[in-house]
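Visitor: Hey, can you walk me through this one? I'm new to reading structures.
Guide: Sure, let's take a look together.

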Amino acid sequence: MSGRSRLKIRLARALRHMTPAHAVRTRLAKKTIQNFADQVGMVYFGYADQHGDDHRLVRGHTVSYTHVDNHVCVGSVRGYDATMLIRNDVVQLQPPAIGKKPKQQRCHWLITTVDLHTKRTVPHIYIGLRQHDEVYKSSYSRLRPLEIGNLAAYTPQFLGKYTIYGKMTHALEIEWLISPQIASVITSHFNKISIEIERNTVYLYSENEQPNEVQLERILSNALWLAEAIDTAYGEAAN
């Protein structure tokens, strides 16, 4: 994306944020997220400047030069370091054909991250909802779709809903880690959530600008469950 395009995105965002409707939505989201953070023992910080040094930058495939992070919450939950925030950005999708003009799509991600305990290097994995493949393929990630089912069979529900991305050299380890049992829980409990594991941090993404308390609790609980499952797997492997 060119510097001119990034400037246009920032100007359009500034104009949207000046509207009364946006101000109301922002206040409601702040109240909901702040109350939830208080309940689970996290600290609400609000806006985070990606170019500042006050907070560790939340990375993952949604990181970009133009993203904006708001409603940032940080804390320790069930013994894990966790972060929750809402990230807004405009993503330039890949053109549908050569010579076609690429489209832009506004995205609002509710993101939850959990740092793993394991000291083993966990391979970079993205488990993405197929309906969001276009957005993921437009990110900086260089992972590729993997054909899974070499070690055990996965349900048609999981295979129809998700695509697993990774490096071919890590394919068997990824399939061992995201076993059919783990995949079944993801299918039944994660609803409209995509997953990334990068640099030993679990990332959960949900397209949601106005989450309610139930949705906040679900995404945090799911992130913690997956982190515990991964840590357990590597703990057993180490023994």
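Guide: One term to start: helices (H or I, at least four residues) and strands (E, at least two) are DSSP runs, numbered from the N terminus. This is a predicted model, where local features need pLDDT of at least 70, side-chain atom pairs count only at pLDDT 80 or more, and totals for chains, interfaces and linings use all residues. Residues are numbered from 1 along each chain as its sequence is written, and side-chain values use heavy atoms, with hydrogens and water left out.

Visitor: Cool. What phi does Asn191 take just after H6?
Guide: A positive one, about 50 degrees, although Asn191 is not a glycine. Asn191 is found in the loop between H6 and strand E8 (194-198).

Visitor: And is Asn191 buried, exposed or partly exposed?
Guide: Asn191 counts as partly exposed, at 39% relative accessibility. Buried means under 20% relative accessible area, exposed over 50%, and partly exposed in between (1.4 Å probe, protein chains only).

Visitor: What about Asn200, where is that?
Guide: Asn200 is in the loop between E8 and strand E9 (201-207). Asn200 has a positive phi too, about 60 degrees, and is not a glycine. Asn200 is buried, with a relative accessible area of 16%.

Visitor: Back to H6. Which of its residues are buried?
Guide: In helix H6 (residues 180-189), those are Pro180, Ile182, Ala183, Ile186 and Thr187. They cover an arc of only 155 degrees around the axis, so they sit on the same side of H6. That arc is the one of the directions from the helix axis to the C-beta atoms.

Visitor: What's on the face turned away from that?
Guide: The exposed residues Gln181 and Ser188.

Visitor: New topic: how are the strands ordered in the sheet?
Guide: 9 strands make an open sheet with antiparallel pairing, in the order E1-E2-E3-E4-E9-E8-E5-E7-E6. Strands E1 (43-48) and E6 (144-145) are at the edges with a single partner strand each, so one side of each has no neighbour in the sheet. Two strands pair if DSSP finds at least two bridges between them.

Visitor: How many bridges join E5 and E7?
Guide: Strand E5 (residues 125-129) and strand E7 (residues 162-166) pair over 4 bridges, in the antiparallel sense. For instance, Gly128 has Thr163 in E7 as its bridge partner.

Visitor: Last one: where is Val74?
Guide: Val74 is in strand E2 (residues 68-77). Val74 is partly exposed, with a relative accessible area of 31%.
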